[in-house]
Amino acid sequence: DLITGDPGQKKDADLTFRGIHSVIKDIDFLIITGDLSYANRNHRLHDRWFNRYQYLFGNVPLMVTPGNHDIETDCCDWSIFKSFEHRFLMPQIQPAVLGHACAERDSAPPNYRFQGTYDYGNSFYSVTIGPSKFIFLDGE
């Protein structure tokens, strides 16, 4: 079982994920601890990230937690974490409650002011695997 975080779309992530894939028969699940694709509101970059690593994600159970680069807003209603919520389906107590961001002059992160919270949905959950219980919490 493996835990990694902050992969983004760089050469280091390619090396890490290829290394994980090389031992895939020996792992039961993969945890990624946030800052997944660094898409910065460019949803095509999210899609590219998933396509780039589909060879791995399609062959091992994947659990994720959000990081500060996953706050990304929707371009229509400025809901925070909306992309993260729509791309992952972790065990949920109830549907996500999403806050909103107000963009300052430059709409690229980190120039957002956040209002409200990110609660429920994928923001926290737990999973029991064998004798171990894993608790995932949103660090943001």
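The following dialogue discusses how to read the fold, the sheet and one helix of this predicted model.

Reader: How many helices and strands does the chain have, and what pattern do they follow along the sequence?

Author: The chain contains 4 helices and 7 strands. Read along the sequence, they follow the pattern β-α-β-α-α-β-α-β-β-β-β.

Reader: Which radius of gyration would a compact globule with 140 residues have, and what does the chain have?

Author: A compact globule with 140 residues would have a radius of gyration near 14 Å; the chain has 15 Å, and the two therefore agree. Along its principal axes, the C-alpha trace spans about 50 × 35 × 20 Å. Of the 140 residues, 39% count as buried. Among contacts between residues at least 6 apart in sequence, 65% join residues at least 24 apart.

Reader: How should I read the open sheet of 3 strands?

Author: Strands of a sheet pair through backbone hydrogen bonds, either parallel or antiparallel. Here the open sheet has the strand order β1-β2-β3, and the pairing is parallel. Its edge strands are β1 (2-4) and β3 (62-64), each of which pairs on one side only. On average, neighbouring strands of this sheet are turned by 20° against each other, direction ignored.

Reader: Over how many bridges do β1 and β2 pair?

Author: Strand β1 pairs with β2 (residues 30-32) in the parallel sense over 3 bridges. As one example, I3 has I31 in β2 as its bridge partner.

Reader: Is T4 buried or exposed?

Author: T4 is found in strand β1. Its relative accessibility is 17%, and T4 therefore counts as buried, the cut-off being under 20%. Leaving aside neighbours within four places in sequence, T4 is in contact with T16, F17, I20, L30, I31, I32 and T33. By contrast with these contacts, one may also consider a separation along the chain: the C-alpha atoms of T4 and F84, which are 80 residues apart along the chain, are separated by 17 Å.

Reader: Where does helix α1 lie?

Author: Helix α1 (residues 11-22) lies across β1 and β2, and runs at about 175° to β1.

Reader: What should the 12 residues of α1 span, at 1.5 Å a residue?

Author: The expected span is 16 Å, because each residue contributes 1.5 Å; the end C-alpha atoms of α1 are 17 Å apart, which agrees.

Reader: Which residues of α1 are buried, and which are exposed on the other side?

Author: An α-helix has 3.6 residues a turn, so residues three or four places apart point the same way. In α1, the buried residues are A13, D14, F17 and I20. Seen down the axis of α1, its buried residues fall within an arc of 130°, so they line one face of the helix. On the other side of α1, K11, D12, L15 and S22 are exposed.

Reader: What covers the buried residues of α1?

Author: The cover includes the strands β1 and β2, together with the helices α2 (43-52) and α3 (54-57).

Reader: Why is D14 counted as buried, and with which residues is D14 in contact?

Author: D14 has its place in helix α1. D14 is buried because its relative accessible area is 15%, and buried means under 20%. Leaving aside neighbours within four places in sequence, D14 is in contact with R52, Y53 and Y55.

Definitions and conventions
Residues are numbered from 1 along each chain as its sequence is written. This is a predicted model: local features need pLDDT of at least 70, side-chain atom pairs count only at pLDDT 80 or more; totals for chains, interfaces and linings use all residues. Side-chain values use heavy atoms; hydrogens and water are left out. Two strands pair if DSSP finds at least two bridges between them. Helices (H or I, at least four residues) and strands (E, at least two) are DSSP runs, numbered from the N terminus. Axes are lines fitted to C-alpha atoms, for helices over the stretch in contact, and angles run from 0 to 180 degrees between N-to-C directions. Contact means heavy atoms within 4.5 Å. Buried means under 20% relative accessible area, exposed over 50%, partly exposed in between (1.4 Å probe, protein chains only). The expected span of a helix is 1.5 Å times one less than its number of residues. The arc is that of the directions from the helix axis to the C-beta atoms. The radius of gyration is taken over C-alpha atoms; the globule rule is 2.2 Å times the number of residues to the power 0.38.
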